[in-house]
Amino acid sequence: AIVFILSNYFYVKYTIDREFYDKVRTIYKNIYNYKVSKIDLKHRIKSSKIGLDEINQEVSNWMDENDKQISNMIALEKYRKEYIGNVAHELKTPIFNIQGYVSTLLDGAMEDPHLTKKYLIRAEAGIDRLIAIVQDLDTITQLELDEVQLQITHFNIAQLIDEVIDSFELKALDRKVALVFHNLDPVMVEADKGRIRQVLVNLIENAIKYSKDENGEVRIKIFDMDDQYLVEISDKGIGIEEKDIERVFERFYRTDKARSREYGGTGLGLAIVKHIIEAHNQTINVRSTIGQGTVFGFTLKKHVE
Ligand SMILES: Nc1ncnc2c1ncn2[C@@H]1O[C@H](COP(=O)(O)OP(=O)(O)OP(=O)(O)O)[C@@H](O)[C@H]1O
Ligand SMILES: [Mg+2]
């Protein structure tokens, strides 16, 4: 009987062992994509080079890694769908506008020369809007793919600000917003002038656009900070709520307020601005009080002779 029990014991142990090592070996092979021989594995486990705890740990690491990859893929897919949805949505408004004016012209409005001109001007505005959206999409795609080569030179940022302010004169007058900038001395920075112009245009455009209907004022200031300059654009506009402030730099993100009042816009401006500043290894920040105003500030590298 003893012989029987013993042989049974060894048989069961042998089967369990074999089953166990086969399973572990499969898992191991999967993790490392690497063939581990039975003896080798047994040896490594026995010689306590790897214990069950470590195998457990490795399996669970591997599972975490897989989980991460899968959720990344799901996020990317969601992002792709949202992106296409957003683009289609943004293109719709100007396209339908253009279609409306052209149809009205063809349906008879063309007989009235005054109406013809009026509707053609409106159709043209729709086309300009389409071009602006496509250009912004193109810019953001290039920036996200890191395809943008900065053309770094040194230039006077105070003069560039003057130029940009001049280009907004009519828009500011129209919205009854005062544009204030006093800087007589040259302020030399090292950056890509064309891209920084884009940054200024977007920030000043926003500051005017999101001003309130009265007492609008947009101020631009330059602060000297050791080896950098800080450029601040502040407005006395509608402000941004706490919950939105982190998100305004995301592409297509627009606050409910911006949408509901129909200010017009795609939500790409600040995403482009942030990309450009980060490509310069500089920083941009925003602070705001709802109903009182907003300040956007970005840094630039000083040019030293
Ligand atoms: N100065 C500001 N004051 C208040 N809200 C602002 C200001 N600047 C930006 N925002 C908010 O941040 C959002 C994102 O700004 P962003 O410039 O990216 O998009 P947009 O102005 O709506 O459209 P566009 O693509 O034409 O610039 C705006 O929709 C608005 O809600
Ligand atoms: Mg904008």
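**Exercise 1. Helix 10 and its surroundings**

Determine which residue takes a positive phi just after helix 10, and then establish which residues of this helix are buried and what covers them.

Solution. Just past the end of helix 10, the residue with a positive phi, of about 60°, is N281. The structure is a predicted model, and this angle, like every other value below, should be read with that in mind. Turning to the helix itself, which spans residues 269-279, one finds that G269, L270, A271, I272, V273, I276 and I277 are buried. The cover over these buried residues includes helix 4 (113-144), helix 7, strand 6 (284-289) and strand 7 (293-302). One residue of helix 7 (residues 193-209) can be followed in detail, namely N202. Leaving out residues up to four places away in sequence, N202 touches G269, I272 and V273. N202 counts as buried because its relative accessibility is 13%, which is under the 20% limit.

**Exercise 2. A glycine in helix 4**

Decide whether G126 is buried or exposed, and find which residues G126 contacts beyond its neighbours within four places in sequence.

Solution. G126 belongs to helix 4. Its relative accessibility is 9%, and G126 is therefore classed as buried. Once the neighbours within four places in sequence are set aside, G126 is in contact with P94 and I98. For a distance across the model, take the C-alpha atoms of G126 and G297, which are 32 Å apart, with these positions 171 residues apart along the chain.

**Exercise 3. The surroundings of ligand 1**

Identify which residues come nearest to ligand 1, and work out how much of its area the protein buries.

Solution. There are 20 residues around ligand 1, and those that come nearest are N206, D235, R254, T255 and L270. Consider next the oxygen atoms of the ligand: one lies 2.8 Å from a side-chain N or O atom of N206, and an oxygen atom of ligand 1 is also found 2.9 Å from a side-chain N or O atom of Y210. With G269 the partner is a backbone N or O atom, 3.2 Å from an oxygen atom of the ligand. Ligand 1 taken alone exposes 590 Å², of which the protein buries 97%.

**Exercise 4. Salt bridges**

Trace which residues are linked with E77 in a network of salt bridges, and compare the accessibility of D244 with that of K243.

Solution. The whole structure contains 16 salt bridges. Side chains of opposite charge can pair when their charged atoms come close. E77 pairs with R80, the closest N and O atoms being 3.0 Å apart, and E77 also pairs with K81, where the corresponding distance is 3.8 Å. Because E77 and R80 are 3 residues apart in helix 3 (residues 52-106), about one helical turn separates them; E77 and K81, both in helix 3, are 4 residues apart, again about one turn. The network thus links E77, R80 and K81. E77 is partly exposed at 32% relative accessible area, R80 is partly exposed at 42%, and K81 counts as exposed at 55%.

A further salt bridge joins D244 to K243, with the closest N and O atoms 3.4 Å apart. Here D244 counts as buried, at 3% relative accessibility, whereas K243 counts as exposed, at 53%.

How values were computed: Residues numbered from 1 in each chain as written. Chains lettered and ligands numbered in written order. Predicted model: local features only at pLDDT ≥ 70, side-chain atom pairs only at ≥ 80, totals over all residues. Heavy atoms only, no water. Near = heavy atom within 4 Å. Polar contact = N/O pair within 3.5 Å; in protein donor to acceptor, adjacent residues only side chain to side chain. Areas by Shrake-Rupley, 256 points an atom, 1.4 Å probe, with all protein chains shown as cover. Helix = DSSP H or I, 4+ residues; strand = E, 2+ residues; numbered from the N terminus. Buried < 20%, exposed > 50% of the residue type's maximum accessible area, 1.4 Å probe, protein only. Contact = heavy atoms within 4.5 Å. Salt bridge = Lys/Arg side-chain N within 4 Å of Asp/Glu carboxyl O.
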